[in-house]
Amino acid sequence: MSLKSLKNFPNKLIFIFILFTNSVQADWFALNMTRGVTDISNEVFELHMLIFWICVAIGVVVFSVMFYSMYAHTKKKNPVAATFHENTKVEIAWTIIPFLILIAMAIPASKTLVNIYDDEAGDINIQVTGYQWKWQYRYLEDDISFFANPATDLDEIYNLVPKGENYLQEVDEMVLIPVGKKIRFLITANDVIHSWWMPAFAIKQDAIPGFVNTAWTIVDKPGIYRGKCTELCGKNHGFMPIVVKVVEQAEYDEWVGEKKEAAFKMAELTTKDWSVEELVARGEDVYALNCVACHQTAGQGIPGIFPALAGSDIALNNKARHIEILMEGVQGAAMNSFDYLSEVELAAVITYTRQAWGNAKSGDGEIVIPKDIVDYKEPKI
Amino acid sequence: MSSAVENHHEDHHHGPAKGLTRWLYTTNHKDIGTLYLWFSFAMFLIGGAMAMVIRAELFQPGMQIIEPEFYNQMITLHGLIMIFGGVMPAFVGLANWLVPMMIGAPDMALPRMNNLSFWILPFAFFILLSSLFMEGGAPNFGWTFYAPLSTTYAPPSVTFFIFSVHIMGASSIMGAINIVVTIMNMRAPGVGLMKMPLFVWSWLITAYLLIAVMPVLAAAVTMMLMDIHFGTSFFNAAGGGDPVLFQHIFWFFGHPEVYIMILPAFGIVSHIIETFSRKQLFGYASMVWAMLSIAILSFVVWAHHMFTVGLPLAAELFFMWATMLIAVPTGVKVFNWIATMFRGSITFETPMLFAIAFVVLFTMGGFSGLMLAITPADFQYHDTYFVVAHFHYVLVPGAIFSIMAAVYYWIPKWTGNMYDERLGKLHFWLSFIGVNVTFFPQHFIGLAGMPRRVPDYALQFADWNMVSSVGAFLFGLSQVFFLFIVIKTVMGGKKATAQVWEGARGLEWTVASPAPYHTFTTPPKID
């Protein structure tokens, strides 16, 4: 350390100290579970605090005796140990008393659990499907469907730019629900097991392929609530946020109208005449949202796990198989069917991967238009 | 060797062979115990190095050192290595060294199988670790390897992982059978079941648990193998299978496995507290009954790991109540230890410090376990850092502190040398501080909402993660210091007496220090 920096050292130390205490103060509330915004989440919070304080009380009593013993019954103070080594009455007491305490805990816990399992149909039913690594939401009554993709920029994750306020807790499209209505979530998964956790509602329900789990909530307070996937689901498990926006009924109705209109416009696009450039441009976006996590930005894949698309024979010369893989997935491999994407998106992303990374030059360079996807689907209907 | 001279009338002298073949061919329970202990120490350091990588990546938000893909490999291998390579072989090593000496037997009942059960272990872990260098990388699906992430979506190395788990299982089953047969058949006359030292009791129960559940683990990985290579669909919903079935099978193994890693610790701590309190253990019979009840209950609580998979209400209630019930026998054990200390004549040598820390910190892990048992609250805790804090509290200052306590307590008997008390105490305090600084803040970040098994996290968790990482580096470094202390003690030191500790009770303290290569070739006389 140079002399000059030494001179500044105390100042620096104070600065670091202030920084540290500030951040500790700001995070003081992050020590405990939050109450959440539903009746159930409040009940759960009360239960959590009750059990916590019972444990603290037991701990204080038990460890006081132990610490007293460590203080008063050392060899110095008590050279000759007592000789007792059993006492039936005491032993019965410390078997029965904990048992009674446990019953006192089990009663409120069981009551809350029964309340949580009151699972009648909701006013609004939303199917939640976990994918590697995003969530799909389908509003069953209104026939709305969309994906909520993680929206944190890779540059933030790799520390190239400062991290935003909602780092790793932001998505490109929030789930909207109205206040005061009973919402039922039907939770499932498309590939591996995920888990849909919304701490503010005290809902955590595993999303399991082939199964539909249910959870419900009634939220009283409008706001934006953030949660995460909580079951290890592969590479990007840590980057799979959940964001729910709770709004007044009127705003919700307006949003539903907009979503329906957008879906109609999307359907119209299928019959439009597409140029290669348009398809590639759109396909690049689709690729970035759906494919890049495995097949990587330059289509190089990850050797041994995810195959390369750049220079792949199918992407070069086999258009039919290319469409088939996206529609059906690959049996026994991580590649799933993407038939849930729109015809436009599928055509665009296939065209993009057949054009990008020099694939167009080395292969037949054939493009795929939305009609090709429609035709692929036709014979099966 | 003086015993060699005394035993001159025997046909020929049985000392240890020389060189490498002594360790390769050995059927001596003390040699095999030593092998197990060194092996587990090596695995502990390797698994620990992986924990350092994990904590280094989590030191700050953002990806700094490794990629998410490799992070998942690290958490998977860290878990597998610490459980199957660190804690379990360490306890088997202690059992090998101590069980025959504690019951007055000359050796283990099945010495050749003993050799085999050890020597297949290094191969199992060689296979597991070599998967790091395979195409697609090492297993990356967590030590709980839930299907279908571990089947359809697994890297190709999963097949090697399955083979490796099979070998570990075979080793454990052989070790367990050996211990049961030894305890049931080779106790010296007068050592009745209810006169056995508690460490022997704890291992008898543990061995039965192992025999009961390791085949279940073998079944789970075999079904995975079939799904991956032979077209079955046990866990594949698309083929009519059930991914939740995997979790039921896994945790039917997994929960007793948790107690396999803690029951021998109960035995060890009972001996050490008794010795350094200079007072007979309080409630011997209730200690035995408590361990038996814990073992039996461990078979009916597995689904408390699965409260969020969508079980019916009746199942949630049953598994919550059954799990809470475990607090009763566990409480009895803690009360007995404290009653043993009460009005004792206590000194605080290193083994006692570790044992007291065990009682306090294990109980804290028990409290968080009780909180986790409360199903509605578990919906908030499940798969967050609160769970990570919980199971590390019962495994690190629980199981691992008990192993360290055991090493300090019995190493004078093994080597004939006393360890350096000053260094031992320093090691204790470094470990004690390190472990709490590492894992206590994880309760906070878990309750505040940080999921487990993530390589990166939101900004509100940054401060406590940094504290946790600093604690982990301190704890990790202190274990290198522990290695130094152990080597120093093996190399030399103050000579130990046969009794070693003033208050020690049990047959192992009646033989010389270091314990002769063969002990109790004729059964000792028990009053």
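A visitor asks how the terms used for this predicted model are justified, and a guide answers.

Visitor: What counts in this model, and how are its parts numbered?

Guide: This is a predicted model: local features need pLDDT of at least 70, side-chain atom pairs count only at pLDDT 80 or more, and totals for chains, interfaces and linings use all residues. Residues are numbered from 1 along each chain as its sequence is written, while chains are lettered from A and ligands numbered from 1 in the order in which they are written.

Visitor: What makes a stretch of chain A a helix or a strand?

Guide: Both are DSSP runs, numbered from the N terminus: helices are H or I with at least four residues, strands are E with at least two. Chain A has twelve helices and ten strands.

Visitor: How do you know that β1 and β2 of chain A pair?

Guide: Two strands pair if DSSP finds at least two bridges between them. Strand β1 (residues 124-131) and strand β2 (residues 134-139) of chain A have six bridges, in the antiparallel sense. They therefore meet the rule. Val128(A), for one, has Tyr137(A) in β2(A) as its bridge partner.

Visitor: Why are β3 and β8 of chain A called edge strands?

Guide: The open sheet of five strands in chain A runs β3-β2-β1-β5-β8, with mixed pairing. β3 (144-148) and β8 (213-217) of chain A each pair on one side only.

Visitor: How does the radius of gyration of chain A compare with that of a compact globule?

Guide: The radius is taken over C-alpha atoms, and the globule rule is 2.2 Å times the number of residues to the power 0.38. For 381 residues a compact globule would come near 21 Å, but chain A has 29 Å. Its C-alpha trace spans about 95 × 70 × 45 Å along the principal axes.

Visitor: What makes a residue buried, and what share of chain A is?

Guide: A buried residue has 20 or more other C-beta atoms within 10 Å of its own, an exposed one 12 or fewer, and a partly exposed one lies in between; C-beta atoms are placed from the backbone. In chain A, 35% of the 381 residues count as buried.

Visitor: How do you know that chain A touches chain B?

Guide: Two residues are in contact if their C-beta atoms, placed from the backbone, lie within 7 Å. By that test, 81 residues of chain A are in contact with 79 residues of chain B. α3(A) gives the most to this side of chain A, with 14 residues.

Visitor: Where in chain B does the confidence stay under 50?

Guide: pLDDT is the predictor's confidence in each residue, from 0 to 100. It stays under 50 over residues 1-11 of chain B. Chain B averages 94, and 97% of the residues score at least 70.
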